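Colleague: I should like to learn how such a model is to be read. May we take it feature by feature?

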Amino acid sequence: MSAESNTSENDGKRGQIRNVEELRNKGIQKVRVVGESQLKEMAREAAARAVLELAEELKVSEEDRRSLVGRAQKQILDGDPGPLPQIIPSPVSKPDAQVAHLPDEEQVEESPATLGLQEQEMLIQLSKLISKDWRSELATVRDSHKSQVDRLEMRIEELTRALRVTDQVLTKGGESVVNPASKLKPFDNKKEELLDQLFQANVALREISASHGAGSLSADSEEGRMS
Amino acid sequence: MKDNKLNQLSNESDVISPKLDGKSTAVKVGIDLGTSRSAITTSKGERMVMASVVGWPKDAISAKVFGHRVLVGDAVLENRMGLQTCFPLADGNLAFTQNAGDQKETLRKAGLHLFTALRQAAKAAEGQSVHAVIGAPAEATRENKQAIIDLAREAGIDGVMVVSEPFAVAYALDALEDAMVVDIGAGTIDLCRMAGSLPDAEDQVTIFHAGNHVDARICELLREQRADIQFSPNMIKKAKERFSSVVDTNKRALVTFPVNGRPTEVDITDQIQTAVGELVPHIVDGIQKLVSTFDPEFQHRIRSRVIVSGGGSQVYGLQEALEKGLEDLGGGRVMILDDPVFAGSQGALKLALEMPAEYWEQL
Ligand SMILES: Nc1ncnc2c1ncn2[C@@H]1O[C@H](COP(=O)(O)OP(=O)(O)OP(=O)(O)O)[C@@H](O)[C@H]1O
Ligand SMILES: [Mg+2]
């Protein structure tokens, strides 16, 4: 994805740039280049969505489902500060027959259309792998809820590991990008404190009587001037 | 416009209290007060962006066309020819605080008109109060923050809090710690590291080399290299926004300029790329400043979550260029926001909504 001028150390990367250019040449004006880190986050998101969809099919209590999904997402998104996918309280219970055509295409369509072609391709592959894997897994663990949950947890762990590998493959030179610290601790107390600090700062601002002396900033731009 | 009425208004609502709990029904708004454009997002679900420019008829003839009205926003740019225009913000700050005499008063009035337009965009019902959190540049002076509060109140915004613009962006994303926000605007690039508390001076850096400088630089390069073409700064800005890139692409920046009065297509790809590319080392420097002065144990964390917002974030290939620049500092992860125009005002709105009601009452 790096595309510094005339320094194509890597032909594959040049190839990706050309794909984006193809789009541009077709008249698409706004093309965003998606970097490795964003791609990694999308991969995580795809995995998280797969977990959600699969969990919906489980015949377990709502509570169990939530806790399972919660833990799965925690693991998958571990180190990822981005927003968690919504935990949808399963709206309609889906008949097993529908399992066959669950997620793949939908998943792909949901990912932003601004992805490069190769990135899209990778995401498609990844989500296919994930959902395929999970579905065959599900078929073998339907016997009892308990084992179902256990196995799913194991799969989640595996999936997490797989994602880490994906991360590393995507990272140039393979240096580790996995942040082991969990980012999912609740912010509520911190937020209260922040809001309080902000309020106090504004109160202080008000209390100091305004002395509108001249600032020291240069104003050499067009703005701030008359024309 | 409605100077004295405003104070009365807020007092009246206390006394008469026609809507009973008038306070909780105040419209909450988040405002990103920008040098080139200002965005507002409201608790009623409205969002709007307007050029931060004010204009009034130049002469008697224009007055016939426009009436004796003061125009605010994009309409001013569209009717530039007939209007006296004034940008009330410079380098991210209210310009009148840095001027004297007649010009000071004109700039102040222009600022007031801009706030009045923003107040109107809040679409508050008659008698309903407006509470605003307003984003200011990271390094805004105290005078400037006070000037923002004063003008906003004069324009009829009942409750005002000022917040650092990049902090508002971070708040929008819940990126309250282990993150860094880079807001690339027209007047300034504002950087802010998030370490779990309200950022103070040491947590922020303002770079006065942003979009406007890029525009000026392109003009300079063109004057040097293509003395034959005629252009206005606005033409250059538009061309930049359309073709800006820090990587090589097949797409050439072909722009039509008058050459000896005849429209001629000119390739200005190189000039744009050079000028835009000059932003990158500035940004990397700024990031380094904030990283190197941070607790060494946690430096890698803020480097690995650099969030880029503002109009300048739309430069093609910027993410890669910045990540490449960060490689020398041990690497980093850069994320470009999908909605850079409204990220700041959205964060400011979130702050306004989550701010306890009793705080608003005290302001
Ligand atoms: N596609 C683009 N490529 C490069 N620059 C762009 C692009 N789109 C917008 N800009 C530039 O971004 C700047 C405007 O961004 P933004 O609206 O965030 O600034 P602002 O908030 O008005 O300024 P400031 O934050 O400095 O007060 C302008 O300089 C504009 O030319
Ligand atoms: Mg801005």
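Colleague: Which side chain of opposite charge is nearest to B:Asp158, and how far away is it?

Modeller: Lys and Arg count as positive and Asp and Glu as negative, with His and the chain ends not counted. A salt bridge requires a side-chain nitrogen of Lys or Arg within 4 Å of a carboxyl oxygen of Asp or Glu. Here the nearest such side chain is B:Arg119, 4.4 Å away, and B:Asp158 has no salt bridge although it is buried (under 20% relative accessible area, 1.4 Å probe, protein chains only).

Modeller: On conventions, this is a predicted model in which local features need pLDDT of at least 70 and side-chain atom pairs pLDDT 80 or more, while totals for chains, interfaces and linings use all residues. Residues are numbered from 1 along each chain as written, chains are lettered from A and ligands numbered from 1 in written order, and side-chain values use heavy atoms, without hydrogens and water.

Colleague: What does the side chain of B:Asp158 reach?

Modeller: A polar contact is a pair of N or O atoms within 3.5 Å; within protein, one must be able to donate a hydrogen and the other to accept it, and residues adjacent in sequence count only if both atoms are side-chain atoms. The side chain of B:Asp158 reaches the backbone nitrogen of B:Val130 at 2.7 Å.

Colleague: Where does ligand 1 lie?

Modeller: Ligand 1 lies between chains A and B. Polar side-chain atoms of B:Lys240 at 2.7 Å and of B:Glu241 at 2.6 Å each face an oxygen atom of ligand 1. For B:Ser244, the partner is a nitrogen atom of the ligand, at 2.6 Å.

Technical notes: Buried means under 20% relative accessible area, exposed over 50%, partly exposed in between (1.4 Å probe, protein chains only). A residue is near a molecule or strand if one of its heavy atoms lies within 4 Å of it.
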